[in-house]
Structures are given as C-alpha cells and as structure tokens.
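Here are some short exercises to work through with the model open beside you. Try each task before you read its solution.

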Amino acid sequence: MDMHGRCYLGVHHGTSGNDVIRGFWGGGSTAAASTVKAIHSLTGDSQRAIDFADCSSHELKEVILVGWAYPPMERMKLSVDGCGKGNPGVAGAVWAVVTGLELAWPVVLRRLILEMDSDNFFPFNSHGFAEECLVSIKRKGKKNPLLSRASVLKMAVSTDCHKAQQDFPKVLILKPISFIAHVGEQHYASNKFTFLKAYDSSLPLHQFLSTHSPSIKAILSSVGTPITADILQLLPEVGVVVTTSVGLNQVDLPECRRRGIKVANAGSVFSDDVADLAVGLLIDVLRKVSASDGYVRKGLWATKGDYPLGSKLGGKRIGIVGLGNIGFAVAKRLEAFGCGISYNSRKRKPHVSYPFYESVCELAANCDVLVICCELTDQTRHMINKEVLSALGKEGVIVNIGRGAIINEKEMVQCLVQGEIAGAGLDVFENEPDVPVELFAMDNVVLSPHVAVFTPESFLDLRDLVMGNLEAFFSNKPLLSEYGD
Ligand SMILES: O=CC(=O)O
C-alpha cells in the first residue's frame, strides 16, 4: 500500500491458472483469505495464486488493478470508500465483485467506484454486492453502450451475505435524520449491525417496535426525536442510545440510567461551529449587519441617508451561561476580540480564571451580553426570565445557541418589544420551527433556523463519531462520547 492508502494488485492477462503474479491487498486477514480464495476459484491454482501483503484495512482507500484479463481491460481503478477499521472482507468483496464470484461471509461495502480506461465490455452481474452498496461505474475513454446502462447500480447481495446481514443486531432509527441524508446513506454501513428504519414501515410504531424488539440493541436519534420511557419500555434489549445532537433534552436520561442504557451524544464535534455562529449572531446584532444589509438592498441608503451606527464588540463584558465545550469555545473567541468573560455554570470550574457567578441574575447584572450555551434540563428550563433580562438591562444583548426553552420566550419578546433589552441573536426557539411573529419586525433581532451546529465539515466528523460509537458498543468497547463521562 502506498502513502495515499492506494493498494496495487498486479495480474497478467489471461484466464488460465498460471497468470496471477503477485498481489498486495488491504483489508485484514479475511479479505486476504477471500482474495486468495477468489483467485484460486478462478485460476484453480492455490499455490501460485497470490502473495499478499496484509495491510490494515482502515488505511485502504483505493485498489488499483492493472492488467486483469477477465473482464478484459487494460486498467481499472477501484476506489473503496468506507473500509472502516475492522471491516474485514471489503477488499475481498471488491475482488469478488471484479471476478464475479459470490461471497459467503457478510460484507459491507459503502461505496465502490469503478473507473475504467478500457473500451471492453465489463460483465457486471448482480451478485457479490452488499445490498446497500451503490456502485457507480465511471468509464473513461470511448462510449460503450454496454457500460452506460450501468452507471449506477444498486445490487443485491449473494444469498449468504444477505442472510448474514439480516441477522445482524439492529440499530433503530425512529425518524429520518437529516444529516445522514446530507452525508449520504451509503456512508453508514457496518459489518456489526444494520439500521432499522421505523419510518419506512407501514406498521403503527407500537406494533413495529414490538415486532422487532428482540433484535433492536441500539437507537440512533436526533434532536427532534424524543426517546421516551414508553419507547424504551418496548425495547428491553436496547443497550445504547446514540444521538447526533450535543443536547440530550429529547432523551429520557433518568429512564436510560434506570435501565442501564448507555447514552452517547455528539461530544465536541460541533463546538467550533456553534461558537462561530454565536459570535456571528452577536456581531450581527451589535453592528446591525443584517439590518443594514436590508437597508441597502431596499435602496434606502440613497434615499434616506446613513444607517444608524452599531456598537463595538471589543470591550464588551460577556456572560457565558454554561461553560462546557461550546461555552469555552465562545469565550476563547470573544476574548480574542478584546471582550471580558465571566460565567455561570452548575459549578465553579476549578481551573478557570474567568469570574464565576452563582446566579444567572447576578451574571446578567454584571454583563453587557449573555450567551446561552448550557443544556436544557428541568433546572434550566425558563431560567432566563424577565428578572434576568431586566438585570441585563436596556443596553444588554442576549444570544441563544443552546435550546429555545432555556429562555422564557414570551417574557423575552415582551422585553424586546418594550425596549428593556437592546437586542437578541437567536438560533433556537421554544417551539421550533415556530418563531414568535413579533420578532420578524425587529431590526435589533437576528434569527437563524437552529443551524449553529450544521456545516458539511462537522457532518463528516459526526458521521465518524456516530459510527465509532455504535461500532464500539457492538464490540463491547468504551463509547467514544459517552454522556456523563
Ligand atoms: O442543537 C443541536 C445539538 O444539540 O446538537
């Protein structure tokens, strides 16, 4: 394997048994064995079949076959995506696909891209692929009608593989998870479990869960999908809830604890993105970015003259409510802008030098800006109320990238309407996607649709974390981001 994770397999042209000269293969011993088996089946010569170097599968990115004779092509490049660590058989699967052999063990291929330089017919057939595997054949060179019809194939796995996949323990998904759609479902595959989508079934949820409960060992959930005691009660085999969110207010944590169910969240995957947006919202409110943008676009600059000036960020006293990963990331950024930081948290952080306030009201009274970064719990629900906002004062600004219900929204709207605080930057709301209409007309309020965590980059990290957590659970290893750690 070379430094780019490319793996080369060289074979002579010809279909007889003596032509395979040497191979390097990645994918662990199962894959290597499968490769040998595949070549043996083709060539009938196990002695001379292959001399392989076994590489660690997680580094394998590409397999390049040169000079393979059947199908007759000069050069074919296979890009293998999703050979996660401990995903044996992937390379073997690729091989088996190429040779048209069936596999007798469970294989999960996430994506296989075949790029062919040859004009020759590629006798693709429908066995040898994992069910979820998307295959795209990109052909370089001249057009070949026999290839074009197979540009994207969804293929069925060999009977044995399919059966083995059906026997995998299941990870339940109750509602579609938007970030999976963003990253692409083909990136979510494992040889340790399969996903079971309740929303694809026509059965009523209760019936669906009862039917599948013996095989459901894990739940994957997102922000808008409550994992309640009622649901958990129907699923006695569940040992883990993995969420794609940082916040866990949608999960009945006490019930999970009672049942010994582990919970993993999105850890710190999103911290930087959320912190960036918090700062963005604050700058927007203070400097009136969105408001003055609207002013310019409406042509009012020319007709009405200059827009009222905004206020300086540097020197502002920032109160962080909840100094976890996200709170820290916000504090670090705002320190760099020359702001003073103080905070409120469940407990004083022993190694933190920022001033600590035991009550949010006290914090608000000593700040120009409150940034809400804490979790939504029974204790924090409506913690930011009229009293806190009045303490923040007429020049005060509030930014919320935590959860809408941490603020008493009605009281906040009232304070904004009556000019009791100066402005707000809000990414989250109490009843999403409903937003109080009064806010729409306010130039001193900046709104975003609960997107602080979402960037394509953080989705990829999240994919790795989610799959890592599930793989860890099914391998009896510690979770990567267990809540409460
Ligand atoms: O709001 C999003 C999250 O908690 O991840």
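**Exercise 1. Backbone oddities**

Task: Find where Lys288 lies in this predicted model, and decide whether Lys288 is buried, partly exposed or exposed.

Solution:
- Step 1: Go to the end of helix H9 (271-287) and look towards H10; Lys288 sits in the loop between these two helices.
- Step 2: Check the backbone angle. Phi of Lys288 is near 60 degrees, a positive value in a residue other than glycine.
- Step 3: Turn to accessibility. The relative accessible area of Lys288 is 26%, so Lys288 is partly exposed; this class lies between the cut-offs of 20% and 50%.

Task: Now do the same for Asn476: where is its place, and is Asn476 buried or exposed?

Solution:
- Step 1: Asn476 is found in the segment after helix H16 (456-474).
- Step 2: Although Asn476 is not a glycine, its phi is positive, at about 55 degrees.
- Step 3: With 75% relative accessibility, Asn476 counts as exposed, because the cut-off for that class is over 50%.

Task: Which two residues does a cis peptide bond join?

Solution:
- Step 1: Look for an omega of about 5 degrees; this belongs to the cis bond joining Glu432 and Pro433.
- Step 2: Place the bond in the fold. Pro433 is in the loop between S19 and S20.

**Exercise 2. Reading a sheet**

Task: Work out in which order six strands form an open sheet, and which are the edge strands.

Solution:
- Step 1: Follow the strands across the sheet. The order is S16-S15-S17-S18-S19-S20, with parallel pairing.
- Step 2: Look for strands that pair on one side only. These edge strands are S16 (340-344) and S20 (445-447).
- Step 3: Add the twist, which averages 15 degrees from one strand to the next.

Task: Trace the pairing from S15 through S17 and S18 to S19. How many bridges join S15 to S17?

Solution:
- Step 1: S15 and S17 run parallel and are joined by four bridges. Gly319 has Leu370 as its bridge partner in S17.
- Step 2: Moving on, S17 and S18 also pair in the parallel sense, over four bridges. Here Val369 is partnered by Val397 in S18.
- Step 3: S18 (residues 397-400) runs parallel to S19 (residues 423-426), and four bridges join them. One partner to find in S19 is Leu426, which bridges to Asn400.

Task: Decide which residues of S17 are buried on each side.

Solution:
- Step 1: Start from a rule of thumb. In a regular strand, side chains alternate between the two faces of the sheet.
- Step 2: Apply this to S17. Val369 and Val371 are on one side, Leu370 and Ile372 on the other.
- Step 3: All four of these residues are buried, and both faces of S17 are covered.
- Step 4: Look for a helix over the sheet. Helix H12 (residues 325-336) lies across S15, S16 and S17, and runs at about 170 degrees to S15.

**Exercise 3. Aromatic pairs**

Task: Describe the aromatic pair of Tyr295 and Tyr307, and explain why the pair ties together separate parts.

Solution:
- Step 1: The count of aromatic pairs comes to nine. In the pair of Tyr295 and Tyr307, the ring centres are 4.7 Å apart, with 55 degrees between the planes, which makes the pair tilted.
- Step 2: Tyr295 lies in helix H10 (residues 289-297) and Tyr307 in the loop between H11 and S15, so the pair ties together parts 12 residues apart in sequence.
- Step 3: Both Tyr295 and Tyr307 are buried.

Task: What kind of aromatic pair do Tyr343 and Phe356 form?

Solution:
- Step 1: Tyr343 and Phe356 form a tilted pair, 5.2 Å centre to centre and 55 degrees between the planes.
- Step 2: Tyr343 is in S16 and Phe356 in the loop between S16 and helix H13 (360-365), 13 residues apart.
- Step 3: Tyr343 is buried at 0% relative accessibility, and Phe356 is buried at 14%.

Note on methods. Residues numbered from 1 in each chain as written. Predicted model: local features only at pLDDT ≥ 70, side-chain atom pairs only at ≥ 80, totals over all residues. Heavy atoms only, no water. Pairing = 2+ DSSP bridges. Axes fitted to C-alpha atoms, helices over the stretch in contact; angles between N-to-C directions. Contact = heavy atoms within 4.5 Å. Phe/Tyr/Trp six-rings, centres within 6.5 Å; stacked < 30°, edge-to-face > 60°. Buried < 20%, exposed > 50% of the residue type's maximum accessible area, 1.4 Å probe, protein only.
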